[in-house]
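I opened this entry to keep track of what I looked up. My notes follow in the order I made them.

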2 protein chains.
Amino acid sequence: MKSKITLKDIAKELDVSISTVSKALKNSKEISKETKDRIKAFAKFYNYRPNNIALSLKNRRTKNIGVVIPDIVHHFFTTVFRGIEKYANSMGYNVIICISDESFDKEVINMEMLANGSIDGFILSLSAETQKKNDFTHLKELLDQGIPIVLFDRITQEIACDKVILNDFEIASEAVSHFVLSGAKKIALITTERYFNVSENRKNGYLEGLKLNNLKADDNLILTLPHNKDNTDLITKFFQNNEVEAVLCVNEIFAVQCMGIIQHLGYTVPDDISIIGFTDGILSQNSSPKLSTVAQHGEKMGEKAAKLLIDRIESAEMEEEPFRTEVINATLIKRGSTIN
Amino acid sequence: MKSKITLKDIAKELDVSISTVSKALKNSKEISKETKDRIKAFAKFYNYRPNNIALSLKNRRTKNIGVVIPDIVHHFFTTVFRGIEKYANSMGYNVIICISDESFDKEVINMEMLANGSIDGFILSLSAETQKKNDFTHLKELLDQGIPIVLFDRITQEIACDKVILNDFEIASEAVSHFVLSGAKKIALITTERYFNVSENRKNGYLEGLKLNNLKADDNLILTLPHNKDNTDLITKFFQNNEVEAVLCVNEIFAVQCMGIIQHLGYTVPDDISIIGFTDGILSQNSSPKLSTVAQHGEKMGEKAAKLLIDRIESAEMEEEPFRTEVINATLIKRGSTIN
DNA sequence: TATTAACACGAAACCGTTTTCGTAACTTTT
DNA sequence: AAAAGTTACGAAAACGGTTTCGTGTTAATA
């Protein structure tokens, strides 16, 4: 077991000073060619690599970014994460990930743990609890300390920082119009409780879509489901009690559950009822018929978020750039669960 | 913007030495009560937190672990990761994640990047390419440098380290027996190319299951599908050309694709054909009928892997413990795609 | 009263780098 | 031959902590 070699080791072995070794390896012209060659050869032979931690301490830059997401077993977040990792890596950054598990406390604790030097900035999607509490002091404190933050998807207007969001409103409206074009008039929405701002946006987009098409909104056609429960009964009753021609679901689980129940009730998709979901995930791609859905382009979102953050990190000390909000354009993927 | 406060700042402000501050905050009894109180109050007021990087440099311990997985948009890996994160976090460790993207080079580069001080150990599942190449020199070198590694799921016998695996062989055999109990004799296997050792183990377990039940293996009933392709035609032909009563699939995507195709061909699941998949993921839970499947208990696997690694890290310097291989027992979840 | 012990603190080394500055030994210029 | 400029390197500070050891001041003991 040969432990990692340091500058000091090289210096001692070659009988020069540490500074000389450092300079030689950085190809400084302060050092003579012969000495440089000797040192480089030796370093190469022993596979010298500078210690990241020492560099971080010296440079006050870790080249690490912290990512805090509510859940990892979730298609959308993993695609975003993939985008983050991809871009970050290409820029020489590593990614430290923390899962808030939808908990405010875990979000706070994790971020504080990382904030003491471990990372240069955060990319964050708010936990459900944080959104419910509407308490963002932890974020404000970090920003105060000069640690840049980029929010994505589950954001808040309460804090000033870079953000990346989806055009939820517009795409929901577009989905409704798509239903209308195929002849539907009784268009339902299945959504989650409203402290998720994305759900709220989608709902408003849905309402706007109805308005644009001169349809009247009907509260009975909006089903709000609780989080993390078995919703089979609620959905079944919903379709038994209401005449529905099309349904927009704010996520793909709802969509695929709906489809199962609708089929079970004896209707056919899309002939009797059309369905559009959100998230072009594994479920949408493998159901039968395949689900028409809103592709959120998570990977692109992640790349954008990472770019915003790294730009901000690397331009620090510069004059403060104004904060930006990037909008990712969702696209409607038309598959078997709608009439095209 | 108030930048982070350091020991030096406190020392200067309170007109004591840095050592005194450090000791006071660690409640050393070398320091008088009054001085300690003064310093603690000051530190608390300014929300002093020691700099992680400085601590890492001093202690030569980062309290970070590196996780390298082939893919993040993948239910099994995310559950394992969740287990890792959970345990690691509870022990005060952070998790740096790298995605190898099934590429040998990315695996090597990422690990080397982290190995220069950024982490105290690795948890790794081999990339497809690495398994194909059968080249593990990068792992050997890291082990040589004294960096502990824990392999999970996609492992290799070529290197000596702690490992966590699933009892793929036994559970596949058990699945076959379950089919037999419900009356099936013509039992098929749908698998991936064999350089995935888990697939190989599952296949061997399948064969063993047949043998145990006095059934003859039939090569025609084994369908090997290429990676990342649209396999619809291959699967369709397979079921058109072969009489099959039950099928074991090595992952849930194959299983749900199978089910769709089987139903499309006019058979019913499970009456005509039973299906068991691997991975109790979102697909299995939301298909209709719901898929009977092998639960891999990824979270448990992740926790075990993290525990093995952290134990190893924290017992370093101690006499070398022998390497361990933990086996996670998969369980068969019987749902609608089999006759129970 | 002289010696020893306890107390409370500071100086300095160390972790592994980078970088500024100083300087001895040549070389070139006048 | 003296002054100035190069060359090639080393010493030391800095990043932010921890920890060992030394020491001056008191208090306890002989």
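**Asp153 of chain B**

I began with Asp153(B), which sits in the loop between β4 (149-152) and β5 (162-166) of chain B. I note here that the model is a predicted one. Next I asked: is Asp153(B) buried or exposed? Asp153(B) is buried, and I found no salt bridge for Asp153(B). The nearest side chain of opposite charge belongs to Arg202(B), 4.6 Å away. A salt bridge needs the nitrogen and the carboxyl oxygen within 4 Å. I then listed the contacts of Asp153(B), leaving out residues up to four places away in sequence. Asp153(B) touches Phe76(B), Ser125(B), Val164(B), Asn197(B), Val198(B) and Met301(B).

**Lys163 of chain A**

I moved to chain A and looked up Lys163(A), which lies in strand β5 (residues 162-166) of that chain. Why does Lys163(A) count as buried? Its relative accessibility is 5%, and buried means under 20%. I checked its contacts too, again skipping residues up to four places away in sequence. Among them are Leu151(A), Ile155(A), Leu308(A), Arg324(A) and Glu326(A). I also took one C-alpha to C-alpha distance: Lys163(A) and Phe323(A) are 8.0 Å apart in space. In sequence, Lys163(A) and Phe323(A) are 160 residues apart.

**A sheet in chain B**

Back in chain B, I traced an open sheet of six strands. I wrote down the order as β7-β6-β8-β9-β10-β12, with mixed pairing. Which strands stand at the edges? They are β7 (222-225) and β12 (331-333) of chain B. Each has a single partner strand, so one side of each is left without a neighbour in the sheet. Ignoring direction, I read an average turn of 20 degrees between neighbouring strands of this sheet.

I then looked at one pair. Strand β6 (residues 187-192) of chain B pairs with β7(B) in the parallel sense, over four bridges. I followed Thr191(B) across to β7(B), where its bridge partner is Thr224(B).

**Helices on the sheet**

Helix α11 (residues 232-241) of chain B packs on the sheet and touches β6, β7 and β8 of chain B. I noted about 170 degrees between the directions of α11 and β7(B). Helix α9 (residues 168-181) of chain B lies across β6, β8 (246-249), β9 (274-278), β10 (292-295) and β12 of chain B. Helix α9 runs at about 165 degrees to β9(B).

**A record for chain A**

Last, I checked UniProt. Its unreviewed entry places "domain: HTH lacI-type" at residues 5-59 of chain A. Over residues 5-59 I found 67% helix and 0% strand. The end C-alpha atoms of that stretch are 21 Å apart.

Terms used
Residues numbered from 1 in each chain as written. Chains lettered and ligands numbered in written order. Predicted model: local features only at pLDDT ≥ 70, side-chain atom pairs only at ≥ 80, totals over all residues. Heavy atoms only, no water. Pairing = 2+ DSSP bridges. Helix = DSSP H or I, 4+ residues; strand = E, 2+ residues; numbered from the N terminus. Axes fitted to C-alpha atoms, helices over the stretch in contact; angles between N-to-C directions. Contact = heavy atoms within 4.5 Å. UniProt positions renumbered as here; feature names shortened; annotations may be inferred. Buried < 20%, exposed > 50% of the residue type's maximum accessible area, 1.4 Å probe, protein only. Lys, Arg positive; Asp, Glu negative; His and termini not counted.
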